[in-house]
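This report describes the fold of a single chain and then turns to individual residues. The sequence and the model are shown first.

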Amino acid sequence: MSNAKHTPEPWRAVERETGWTIEAGDGRGANYIADVHGHVGPAADDDRDGANADLIAAAPNLLAACEALYDLTPWSSADKRLKAEEQARVAIAKARKVTP
């Protein structure tokens, strides 16, 4: 289903002195995607800013999982259903930064 034009995964959230950066790549070089800046001063919430960055970094995985689930039909094989469910579980875990 995907005709995605976005930068391919893996995306990751990287904490910097000035906030969070979303980068893509396999570790041999990074492609800049976005910066995540939260509030400063008394309203600052580093945990929320990091969680926002993790959610953005999981975007390609979440899209792929949604597409896999969307492609299921009542006639889809059990194997296809299990793979789509696992893909969704892993994407959600990445967005929440927990072990699947």
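Is Asn61 buried or exposed? With a relative accessible area of 14%, Asn61 is buried, because buried means under 20% relative accessible area. The model in which this value was computed is a predicted one.

**Surroundings of Asn61**

Asn61 belongs to helix H2, which covers residues 59-70. When its neighbours within four places in sequence are left aside, Asn61 is in contact with Glu9, Ala91 and Lys94.

**Pro8 and its setting**

A contrasting case is offered by Pro8, located in the segment before strand E1 (11-16). Pro8 has a relative accessibility of 57% and counts as exposed, because exposed means over 50% relative accessible area. Although 17 residues separate Pro8 from Gly25 in sequence, their C-alpha atoms lie 8.1 Å apart in space.

The two residues for which accessibility has been given are set out below.

| Residue | Relative accessible area | Class |
|---|---|---|
| Asn61 | 14% | buried |
| Pro8 | 57% | exposed |

**The strand pair E1 and E2**

Strand E1 is joined to strand E2 (residues 19-24) by 6 bridges, and the two run antiparallel. Together E1 and E2 form a hairpin, with 2 residues between them. Within this pairing, Arg12 has Glu23 in E2 as its bridge partner.

**The chain as a whole**

In total, the secondary structure consists of 3 helices and 3 strands. Their order along the sequence follows the pattern β-β-β-α-α-α. The chain is more spread out than a compact globule, because its radius of gyration is 16 Å, well over the 13 Å that the globule rule gives for 100 residues. Along the principal axes, the C-alpha atoms fill a box of roughly 55 × 30 × 20 Å.

Burial and contacts can also be stated for the whole chain. Of its 100 residues, 29% count as buried, and Asn61 is one of the buried residues. Among contacts between residues at least 6 apart in sequence, 38% join residues at least 24 apart.

As to the surface, the accessible area of the chain comes to about 7000 Å², and carbon and sulfur atoms account for 55% of it. The chain carries 12 positive and 16 negative charges, and the mean positions of these two sets are 7 Å apart.

Definitions and conventions
Residues numbered from 1 in each chain as written. Predicted model: local features only at pLDDT ≥ 70, side-chain atom pairs only at ≥ 80, totals over all residues. Heavy atoms only, no water. Helix = DSSP H or I, 4+ residues; strand = E, 2+ residues; numbered from the N terminus. Rg over C-alpha atoms; globule rule 2.2 N^0.38 Å. Buried < 20%, exposed > 50% of the residue type's maximum accessible area, 1.4 Å probe, protein only. Contact = heavy atoms within 4.5 Å. Areas by Shrake-Rupley, 256 points an atom, 1.4 Å probe, with all protein chains shown as cover. Lys, Arg positive; Asp, Glu negative; His and termini not counted. Charge placed at Lys NZ, Arg CZ, Asp CG, Glu CD. Pairing = 2+ DSSP bridges.
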